[in-house]
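Biologist: Got a minute to walk me through this one? I'd like to poke at a few spots and see what you make of them.

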Amino acid sequence: MNLEYLESARQVFVKEAESLLDVSRKLDNDLCEAVDAILQTPGRVIICGMGKSGIVGRKIAATLASTGTPSFFMHPGEAYHGDLGMVTQHDVFLAISNSGETEEVIKLIPYLKDNGNYLVGMTGNRDSTLARASHSHLDIGVVEEACPLQLAPTSSTTATLAMGDALAVTLMKARDFQPENFARFHPGGSLGRRLLSRVENEMRSENLPLVKAEAEVLDVIQAMSRGQLGMAVVQHNDSWGVITDGDLRRAIEKYGEYVFSRKAYDFMTPQASRISPKARVEDALTLMESKKINALLVFEKEQLVGVFKK
């Protein structure tokens, strides 16, 4: 193990953490004004930046968009060659430049002023051209970079990213943004599945492993094999039970060689848990987690229509 490598790496974390704390102390009313401007606008938040600032800007735009603030990234070079046509007068423009003097960004200021856009400048220099031209200025200035040569953007890009996160989280709280809202923008993820999908969309409704309460063990095993759900559904008069793989193993341990003389009702779990096909997957999973089970019978009124499994 090379201790010099480890110490070098740790120093990066220390310096960047110290830089973030320092930037947090600089937060002032400009952040509040920027948040209010974004909340009040019927437009979008358009973010631009060159180089590393642009790379971080893309991430900030993505974070805002996925947390309830319509936003997109615009490359300042492309903006000056036609993309400004995408900017409406209602949009809030967030320009990122650590120096506050990036030529491609500064060239956009006259257009934005003429267009009536609210300009938020995110810079490391309060006296820069961009900072002075902005309606709100978010100070991301750091004392030193984590780079030992003070050349590669390190602490400064981390501060930029953190400022973007601070803006996004503050807007989330102001909008009372909930998990359900987040899921709507992430329907393909696990959260989207839990919160947006319905039981009827994911339940098994065909070839259900049904057996009567009087069925013999061999019939139960055959039904479980056919159903491939790791369980059998048992109809017992007007009620329904289940037999899982675990139930079957425990029955074998209990009855031994006499298990094949037993009936399904001898080792089924009666009064199996139910859920409606219209219920959210989130509700079904929460119910299963609370009961420590991995399947639910799906009933519409009093009719069995499917089985839902994790």
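**Loops, strands and salt bridges**

Modeller: Sure. Let's start at T41, which sits in the loop between helix 2 (29-40) and strand 1 (45-49). Keep in mind that this is a predicted model.

Biologist: Is T41 buried or exposed?

Modeller: T41 counts as buried, because its relative accessibility is 16% and the cut-off for buried is under 20%.

Biologist: And which residues is T41 in contact with, leaving aside its neighbours within four places in sequence?

Modeller: H90, D91 and V92. D91 comes back in a salt bridge: its side chain meets that of R44, at 2.7 Å from N to O. That pair links distant parts of the chain, 47 residues apart, with R44 in the loop between helix 2 and strand 1 and D91 in the loop between helix 4 (76-79) and strand 3 (92-96).

Biologist: Are R44 and D91 buried or exposed?

Modeller: One of each sort, roughly. D91 counts as buried, since its relative accessibility is 1%. R44 counts as partly exposed, at 26%.

Biologist: How many salt bridges does the structure hold?

Modeller: Eleven. Another one is between the side chains of R126 and D28, at 3.0 Å from N to O. Those two are 98 residues apart: R126 is in the loop between strand 4 (118-123) and helix 7 (129-133), and D28 is in the loop between helix 1 and helix 2.

Biologist: What about accessibility for R126 and D28?

Modeller: R126 is partly exposed at 39% relative accessibility. D28 is partly exposed too, with a relative accessible area of 33%.

Biologist: Got a pair from further along the chain?

Modeller: Try R262 and D266, whose side chains meet in a salt bridge at 3.5 Å, N to O. R262 is partly exposed, with a relative accessible area of 28%, and D266 counts as partly exposed at 26%.

Biologist: Which residues do salt bridges that share partners join into one network?

Modeller: D28, R126 and D139.

Biologist: OK, switching to strands. What's going on with strand 8?

Modeller: Strand 8 covers residues 239-244, and five of its six residues are buried, so the rest of the structure largely encloses it. Six bridges join it to strand 7 (residues 231-236), and the two run antiparallel. One facing pair is V234 and G241, with G241 in strand 8.

Biologist: What do strand 7 and strand 8 form together?

Modeller: A hairpin, with two residues between the strands. N237 is in the turn, and its phi is positive, about 55°.

Biologist: Pick a residue in strand 8 for me.

Modeller: V242 is in that strand. V242 counts as buried because its relative accessibility is 12%.

Biologist: So which residues does V242 touch, not counting those up to four places away in sequence?

Modeller: M231, A232, V234, D247, M268, T269, A272 and L297. If you want a distance to check, V242 and A264 are 9.2 Å apart, C-alpha to C-alpha, with their positions 22 residues apart in sequence.

Biologist: L297 is in that list. Where does it sit?

Modeller: L297 is in strand 10, where it is the bridge partner of R274. Strand 10 (residues 295-300) is joined to strand 9 by two bridges, and those two run parallel.

Biologist: What's the order of the strands in that sheet?

Modeller: It goes 9-10-11, an open sheet of three strands with mixed pairing. The edges are strand 9 (274-275) and strand 11 (303-309), each of which pairs on one side only.

Biologist: Let's jump to the start of the chain. Which residues make the nonpolar surface patch?

Modeller: M1, L3 and L6 make it, and its area is about 380 Å². L6 is found in helix 1 (residues 3-24). L6 is partly exposed, with a relative accessible area of 30%.

Biologist: Last one: what does UniProt list for residues 34-177?

Modeller: The entry, which is unreviewed, gives "domain: SIS" for them. In the model, that span is 44% helix and 16% strand, and its end C-alpha atoms lie 18 Å apart. T41, where we began, sits in a loop after helix 2.

Conventions: Residues numbered from 1 in each chain as written. Predicted model: local features only at pLDDT ≥ 70, side-chain atom pairs only at ≥ 80, totals over all residues. Heavy atoms only, no water. UniProt positions renumbered as here; feature names shortened; annotations may be inferred. Helix = DSSP H or I, 4+ residues; strand = E, 2+ residues; numbered from the N terminus. Buried < 20%, exposed > 50% of the residue type's maximum accessible area, 1.4 Å probe, protein only. Contact = heavy atoms within 4.5 Å. Patch = residues over 30% accessible without salt bridge, like charges linked within 9 Å, V, L, I, M, F, W, Y side chains within 5 Å. Areas by Shrake-Rupley, 256 points an atom, 1.4 Å probe, with all protein chains shown as cover. Salt bridge = Lys/Arg side-chain N within 4 Å of Asp/Glu carboxyl O. Pairing = 2+ DSSP bridges.
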